[in-house]
Each structure stands twice: as C-alpha cells, then as structure tokens.
Amino acid sequence: MMLRRFCCFSASTSSFPSHPLSFSSNTKKKPLVFLGSPQVSTAVLDALLNASASPQSSFEVSAIVTQPPSRRDRGRKLMPSPIAQYALDRNFPSDLIFTPERAAEDAFLSDLRALQPELCITAAYGNILPSKFLNIPPLGTVNIHPSLLPQYRGAAPVQRALQDGVKETGVSLAFTVRALDAGPVIACERLEVDDQIKAPDLLALLFSEGVLHSSGAKLLIRELPSLLDGSAKEKAWPQDDSKVTLAPKIAPEESWLSFDQDAVVLHNKVRAFAGWPGTRAKIVLVDEGDGQCKELELKIITTRVCSRSNFERNEADDITFVKGGLIFPCGGCTSLEVLEVQLPGKKVVNAASFWNGLRGKKLKTLSQYK
C-alpha cells in the first residue's frame with residue numbers, strides 16, 4: 001500500500017502529536033499549502049512559517065506537500081525529504097505533511113480539497129502539477145523559479161545559466177500553468193553572478209533570505225499581500241515567448257570534460273555541475289623511468305581560468321603544477337587551473353597534495369592516447 005502522509009512512517013515521527021486533517025479554527029486566516037522538497041526550499045518554508053506566526057498575519061500554512069521518503073547515504077536508510085524533516089523539527093503536525101508519489105493521485109487531491117487552500121506556493125517541489133491540482137486553490141498556485149523568466153525555463157535553470165557563463169541571473173515569482181514555467185510573472189529580482197560561484201551556492205543565494213541580496217523567500221513574503229487579496233493576478237505580466245531559453249535536466253554523461261574546449265567553457269561547466277553530477281576528466285600518468293602509462297579518472301572539483309597561457313611545457317599536452325594549481329592545456333591556447341580534485345573512492349584534496357602524491361611521475365591530457 002502506498003503511504004501518502006508522512007505520519008504513516010516510523011518511530012521518528014511518533015513523538016509528534018496527531019492532529020485532525022484541518023487548519024486552525026481561526027477562520028480569519030487564509031489557508032496556504034506549501035510544496036517543496038530539497039534543502040534550499042527550507043528557507044522559503046521558514047519565511048512562511050515565521051510570517052504566519054505574526055499576530056497580524058492574514059494566512060497560515062495549513063499543509064506541506066513534499067517528495068516521498070527516499071533511501072540516502074551509505075546505510076540506505078529511508079529518510080524524509082529535507083523539507084519534511086525541517087517541518088517536523090519545527091513541530092509542524094506530521095499528519096499535515098503529504099508525500100504523494102504523484103500530485104495527480106485521487107486520494108491526495110481529495111485531501112487537498114478538504115483543506116480548502118486559498119493559495120499554493122511551490123519551491124523546487126519536483127513533481128508535475130496536473131490541472132486537477134491547479135484548479136483547487138482559487139487564488140492560484142505560485143512558483144519561485146531561480147531564473148529571470150522567460151530565460152531558463154526547465155529543470156536546471158541555475159546549472160544551465162552558470163554553464164552559459166551568465167553575469168546576471170535572478171529569481172522570479174510566477175503563476176503556475178500547465179505549460180512548463182510559462183505562467184504570468186508577478187515579480188522578479190536580479191542578482192550579479194560571481195565568476196567563481198558554484199551551482200549549489202548560487203541556488204542557496206537565490207532561495208534563502210540574506211541581508212545583502214534579494215531572494216525567493218524575501219520576494220514571496222513581499223508579494224504575499226497582493227497574492228492573498230487577488231491583486232497579483234491583475235498586475236502580473238505575460239512572458240515574452242520570443243525570449244524563451246530552456247534549461248533541460250542534466251544527464252550524467254554530460255559530466256565529462258574535453259580539454260580541446262576553451263578553458264572558460266570548462267570552468268563554467270565545473271561550476272555548473274558542482275554537487276551533481278560533478279565533472280570528470282581522464283588523464284594519463286606517465287612513469288618516465290619505465291615509460292609505462294596509466295589512465296586515471298579524476299573528479300574536477302574547483303577551477304579557475306588562467307590569466308596567462310604561456311606556461312613552460314616540454315610537450316603540448318603536459319599538465320604542469322604552478323603555484324598551487326594543476327595547469328591543464330586547453331583549446332584556443334588557453335589554460336585551466338585546477339585547484340581541487342578527487343580520485344574515485346578518495347577524499348577531495350587540493351592540487352598540491354595530489355601533485356606531491358605523484359612522486360615525480362608526469363601527467364598528460366588524454367588526447368594523444370585515445
């Protein structure tokens with residue numbers, strides 16, 4: 001039997017009280033349902049719960065919808081989503097945390113209708129919302145999307161933006177429609193992109209509240225009054241379909257680096273794919289004593305683009321070590337400085353530690369050995 005509510009799970013939730021499937025008896029507050037799953041979404045939920053606790057608040061979070069528990073870490077233990085765990089840690093009623101496999105399940109939709117939510121908010125939920133869902137809240141469903149829509153519609157907006165080397169991105173608050181990320185935009189905020197920032201850090205910046213930057217959480221709280229009184233629908237603007245760019249889901253096979261590309265392209269890919277799936281490269285370890293060659297697979301963790309390209313090399317494909325970095329020759333007479341690497345099954349180490357472990361052996365890019 002499929003488990004639809006988090007309270008159906010193990011003893012980890014047994015210490016939380018059971019509550020009826022309804023929101024507070026204070027009918028002056030409008031019920032809102034939040035949907036999210038990964039760690040970055042907790043910043044949005046935190047902002048909503050804090051705002052709803054205010055005596056002046058006109059809304060309350062009546063339920064939370066998230067991905068089902070999954071097996072993670074080395075022990076493969078069944079673990080709740082980060083959002084579910086955060087909600088439980090905040091003493092949110094466990095029987096009001098829903099974990100449907102699909103948002104189109106009839107039983108789940110029936111429970112959602114019973115809550116009579118006025119508004120639904122999504123932040124990296126991870127499931128497609130069907131029309132039957134979208135028709136339930138009279139004020140609509142609103143999504144926090146980490147890009148400046150209509151740019152980077154899709155599953156990987158932050159990663160694809162970094163891969164493209166953008167200097168500016170942002171976060172958009174938009175109504176959810178059946179077409180992917182295509183609804184009217186209520187508000188957006190812009191953010192300059194540092195050329196060293198990696199995808200997990202940028203994603204966290206775009207969702208979390210911060211003193212020095214705008215974020216999805218801050219944008220949502222700012223716009224909640226207009227969302228709850230219905231005026232957001234009047235002020236929202238349609239997206240310009242002629243400016244749409246897509247951000248398709250990343251495939252594991254995209255993680256390989258090819259050093260015939262420009263160093264800037266490779267550096268942007270390392271930043272974009274940090275976390276998952278990461279970036280990998282095959283290099284050759286050469287023992288100059290006996291001439292034997294061994295192929296190595298390296299995970300490339302941190303890089304920067306070299307400001308100069310005239311490094312001394314005996315051969316064009318030599319990987320050298322200069323001032324704490326592994327210098328990889330790249331396409332277009334450019335060079336990539338690799339600062340951190342990881343061998344399979346090993347810990348991440350800095351370039352100096354990796355180089356010292358070679359014990360005098362040489363490194364080459366793989367091209368001439370293919």
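## Asp318 and strand S12

At a relative accessibility of 4%, Asp318 counts as buried, because the cut-off for that class is under 20%. The model is a predicted one. Asp318 belongs to strand S12, which covers residues 318-322. The side chain of Asp318 is joined to the side chain of Lys364 by a polar contact of 2.6 Å.

## The chain as a whole

The protein chain has 370 residues, and 49% of them are buried. Its secondary structure consists of 10 helices and 16 strands. Of the contacts between residues at least 6 apart in sequence, 68% join residues at least 24 apart.

The exposed area of the protein chain is about 18300 Å². Carbon and sulfur atoms account for 51% of that area.

## Confidence

Mean pLDDT for the protein chain is 90, and a value of 70 or more is reached by 88% of the residues. Over residues 7-26 the pLDDT stays under 50. For this segment the model has 32 contacts beyond four places in sequence.

## Helix H3

Helix H3 runs over residues 106-115, and its buried residues are Phe108, Leu109, Asp111, Leu112 and Leu115. Viewed down the axis of H3, these residues fall within an arc of 160°, so they line one face of the helix. The general background is that an α-helix has 3.6 residues a turn, so residues three or four places apart point the same way.

Which elements help to cover the buried residues of H3? The cover includes strands S1 (30-36), S2 (59-65) and S5 (97-98), together with helix H4 (131-134). Just after H3 comes Gln116, with a positive phi of about 50°.

## Leu266 in helix H9

Leu266 is part of helix H9, which spans residues 263-272. The relative accessibility of Leu266 is 0%, so this residue counts as buried.

What is Leu266 in contact with, leaving aside its neighbours within four places in sequence? The residues are Leu257, Ser258, Phe259, Gln261, Cys330 and Leu336. Thr279 is 13 residues from Leu266 along the chain, and the C-alpha atoms of these two residues are separated by 9.2 Å.

## Summary of the local sites

Two of the residues described above are buried: Asp318 at 4% relative accessibility and Leu266 at 0%. Asp318 lies in a strand, S12, whereas Leu266 lies in a helix, H9. In H3, the buried residues line one face of the helix, and strand S1 is one of the elements that cover them.

Notes:
Residues numbered from 1 in each chain as written. Predicted model: local features only at pLDDT ≥ 70, side-chain atom pairs only at ≥ 80, totals over all residues. Heavy atoms only, no water. Helix = DSSP H or I, 4+ residues; strand = E, 2+ residues; numbered from the N terminus. Buried < 20%, exposed > 50% of the residue type's maximum accessible area, 1.4 Å probe, protein only. Contact = heavy atoms within 4.5 Å. Areas by Shrake-Rupley, 256 points an atom, 1.4 Å probe, with all protein chains shown as cover. pLDDT = per-residue confidence, 0-100. Polar contact = N/O pair within 3.5 Å; in protein donor to acceptor, adjacent residues only side chain to side chain. Arc of directions from axis to C-beta.
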